[in-house]
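Visitor: I have a few short questions about this one. Can we go through them with the model open?

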Amino acid sequence: MFDIIEQAHLGELHFKSDPANGLKAIIAIHNTKLGPALGGCRCLEYATDEDAIHDVIRLARGMSYKSALAKVPQGGGKAVILKPKEPFNRRTLYNAFGRFVNELGGRYITAIDSGTTLEDLDEVGRVTPYVSGNLSDGLDPSPNTALGVLAGMKAAALQRYGSARLKGLTVAIQGIGNVGFHLASLLYEEGAKLLVADLDEKKVNQARNAFHAEPLAPDQFCSAHCHILAPCGLGGVINEHSIQELNCDIIAGSANNQLAAPELGQRLHDLGILYAPDYVINAGGLIQVSLGMSMGMGMGTAKHHASQQTIANKTWGISETLYDIFSRSCVENLPPSTVADLMAEEILYETHGGA
Ligand code: NAD
């Protein structure tokens, strides 16, 4: 176990078993150099406890990297609730989880992730102040995630075409969900031409009616002839098979873990396709929940929430960060995904050139 922890540079790993309330949960705090760890709570069925441990460590590490490059005063952390196999009472479960979070005294702040709803986070908020992005605080991260993706697309367009204007460019969006729909709206306002794919036909029709978007069959997404491919559905979209079908100049979307394997970053670079690293371009939601929080954060710091304008300004900063990544990628002839990791590590571990 300590080998795994050391390899991941993990700070803390906390386990909670509360059989009376059906709770089995793990909280990983990866790094708190920049501030209290912030990261969502997953509630999923795991085949084994080891799977849950690996998932929470990997995700917590990812949050440290994401916070570092989003330049928010936050460390990286994540929680998983091992979803009970039997029927369970959500309120009781999330109350018990909230007490677990509270016991850590603010070193970890929880938020939304797969399997957890905004209503669940309201339950957590009844027993701990260390939660951000629930129904009560109104910090829905999705619109701001979409704004960050728009900012990132502009950086990519500037790098690739010498102009940040998106007007007249064709953008294919996969997934017209919480983020994808907002993104489509922003791109429509910019004058981009939209192609949209979703498993849910209703969502495609909504986008067609609202933004004159052209429907795309879900299995045609990766081969769509477009300037920008925007994966905003599931992860793993760029894989051994789909990379051979690509017909775009830029990949820039909100989905987490877009590359099925890290080495695909190099392959995209070799193909001359500009990839905006997912955890950099999709950090708008993190910026929203980090800067939007208004609680005393423990660790001796009291915070006041930022205005929506401040949050939007910070989110536009994603454009600058990505432009720096793309420039360094050119100078050092490294894929942007590798450059992003290097830049995050320089901040977190003060390796060469670190902040
Ligand atoms: P969502 O569930 O609201 O939307 C996802 C959409 O993708 C759904 O409409 C679904 O039908 C569609 N979809 C799934 N598989 C598809 C496929 N194979 N082909 C076409 N459509 C498909 O999710 P969301 O909140 O909009 O998040 C989208 C992605 O962005 C996820 O990967 C999420 O992890 C990531 N992300 C979201 C946020 C946020 O603020 N919501 C922040 C960071 C990252």
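Visitor: Which backbone oxygen lies 2.8 Å from a polar atom of the side chain of Ser-132?
Guide: That of Val-289. Before going on: this is a predicted model, where local features need pLDDT of at least 70 and side-chain atom pairs count only at pLDDT 80 or more, while totals for chains, interfaces and linings use all residues. Residues are numbered from 1 along each chain as its sequence is written, and side-chain values use heavy atoms, with hydrogens and water left out.

Visitor: Where is Ser-132, then?
Guide: Ser-132 sits in the loop between α4 (118–127) and α5. Helices here are DSSP runs of H or I with at least four residues, strands are runs of E with at least two, and both are numbered from the N terminus.

Visitor: Is Ser-132 buried or exposed?
Guide: Buried, because its relative accessible area is 0%. Buried means under 20%, exposed over 50%, and partly exposed in between, using a 1.4 Å probe and protein chains only.

Visitor: What does Ser-132 touch?
Guide: Leaving out residues up to four places away in sequence, the list includes Ile-109, Thr-110, Leu-121, Asp-137, Val-289 and Met-293. Contact means heavy atoms within 4.5 Å.

Visitor: Next, helix α10. How many of its residues are buried?
Guide: Nine of the nine residues in α10 (residues 284–292) are buried. Val-289 is one of them.

Visitor: What covers them?
Guide: The cover on the buried residues of α10 includes β3 (37–44), α2 (49–70), α5 and α11 (308–332).

Visitor: Which side chain does the side chain of Gln-288 make a polar contact with?
Guide: The side chain of Gln-308, at 3.2 Å. A polar contact is a pair of N or O atoms within 3.5 Å; within protein, one must be able to donate a hydrogen and the other to accept it, and residues adjacent in sequence count only if both atoms are side-chain atoms. Gln-288 belongs to helix α10 and is buried, at 5% relative accessible area. Setting aside neighbours within four places in sequence, Gln-288 is also in contact with residues including Leu-139, Asp-140 and Asn-144.

Visitor: Now the ligand. Which residues come nearest?
Guide: Of the 20 around the ligand, they are Thr-145, Val-179, Asp-198, Lys-203 and Gly-233. Near means that a heavy atom of the residue lies within 4 Å.

Visitor: And the polar atoms, what lies 2.8 Å from a ligand oxygen?
Guide: A backbone N or O atom of Val-179 does, and so does a side-chain N or O atom of Lys-203. For Ser-254, a side-chain N or O atom is 2.9 Å from a ligand oxygen.

Visitor: How much of the ligand does the protein cover?
Guide: The protein covers 74% of the 830 Å² of accessible area that the ligand has on its own. Areas come from the Shrake-Rupley method with a 1.4 Å probe; for residues, only the protein chains shown count as cover.

Visitor: Which elements give two or more residues to the shell?
Guide: α5 (142–161) and α6 (178–190).

Visitor: Last topic, cysteines. How many disulfides does the search find?
Guide: Zero in the whole structure, a disulfide being a pair of cysteine sulfur atoms within 2.5 Å.

Visitor: Why is Cys-41 not bonded to Cys-43?
Guide: Because the two sulfurs are 6.6 Å apart, too far for a bond, and Cys-43 has the closest cysteine sulfur to that of Cys-41. For Cys-222, the nearest cysteine sulfur is that of Cys-248, 8.5 Å away.
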